[in-house]
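Colleague: I am new to reading protein models, and I would like to learn how to go from the overall fold to single residues. Could you take me through one case, step by step?

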Amino acid sequence: WPHAHVTAILESTPADHALARTLPGRYRTCFTRRYRDVEFGRERMQLLKSHADECAPDAEYIGFVDSETLFTTWVTEASLFEGPRPRVVAEVGRPKSMWYESVPRGTAAFLR
């Protein structure tokens, strides 16, 4: 993976700027505007992900890792790609709960 990069997408706040100074030097950081009306948690995480294409405009693929993710083995190119195609894990069918129906509508309304 000679061209793989880690980019931390953070809000432009004093706390997030301080956090960025503690990250390893090989990490890229991208600061977005502050979402004052959004509480910390799932909603904030989803909104920050919406900036990924702005923070890595030259990336062919963008992967997301949440802060509570624990890797139990090395992440290799073979574990993410099957030949030239990315492996996609998805669920098909009816949403498990109303949350999965309401979030895309809420995100679309917020981004308008």
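Modeller: We will go from the overall fold to a disulfide, then to a buried residue and finally to a surface patch. Please keep in mind throughout that this is a predicted model.

Colleague: Which helices and strands does the protein have, and in what pattern do they follow along the sequence?

Modeller: A useful start is to count the elements and then to read their order. Here the secondary structure comes to 5 helices and 4 strands, and along the sequence they are arranged as β-α-β-α-α-α-β-β-α.

Colleague: How much of the protein counts as buried, and how much area does the protein expose?

Modeller: Of its 112 residues, 16% count as buried, while the exposed area is about 9,500 Å², of which carbon and sulfur atoms supply 55%. As for contacts between residues with a separation of 6 or more, 29% of them involve residues 24 or more positions apart.

Colleague: Where is the disulfide, and which parts of the protein does the pair tie together?

Modeller: For a disulfide, one looks at the two sulfur atoms, and then at where each cysteine lies. The structure holds 1 disulfide, formed by Cys30 and Cys55, whose sulfur atoms are 1.9 Å apart. Because Cys30 belongs to strand β2 and Cys55 to helix α3, the pair ties together parts that are 25 residues apart in sequence. Both cysteines, Cys30 and Cys55, are buried.

Colleague: Why is this disulfide called left-handed?

Modeller: The handedness is read from the torsion about the S-S bond, which for Cys30 and Cys55 is about -60 degrees, and therefore the disulfide is left-handed.

Colleague: Staying with strand β2, is Thr32 buried or exposed, and which residues does Thr32 touch?

Modeller: Thr32 lies in strand β2, which covers residues 28-32. Buried means under 20% relative accessible area, and Thr32 counts as buried because its relative accessibility is 7%. Leaving aside residues up to four places away in sequence, Thr32 touches Ile9, Leu10, Glu11, Ser12, Leu48 and His51.

Colleague: And at the surface, which residues form a nonpolar patch?

Modeller: Here we look for nonpolar residues that share accessible area. Val65, Phe71, Val75 and Leu80 form such a patch, and together they have about 340 Å² of accessible area. One of them, Val65, lies in the loop between α3 (52-55) and α4 (77-80). The cut-off for exposed is over 50%, so Val65, with a relative accessible area of 53%, is exposed.

Key: Residues numbered from 1 in each chain as written. Predicted model: local features only at pLDDT ≥ 70, side-chain atom pairs only at ≥ 80, totals over all residues. Heavy atoms only, no water. Helix = DSSP H or I, 4+ residues; strand = E, 2+ residues; numbered from the N terminus. Buried < 20%, exposed > 50% of the residue type's maximum accessible area, 1.4 Å probe, protein only. Contact = heavy atoms within 4.5 Å. Patch = residues over 30% accessible without salt bridge, like charges linked within 9 Å, V, L, I, M, F, W, Y side chains within 5 Å. Areas by Shrake-Rupley, 256 points an atom, 1.4 Å probe, with all protein chains shown as cover. Salt bridge = Lys/Arg side-chain N within 4 Å of Asp/Glu carboxyl O. Disulfide = S-S within 2.5 Å.
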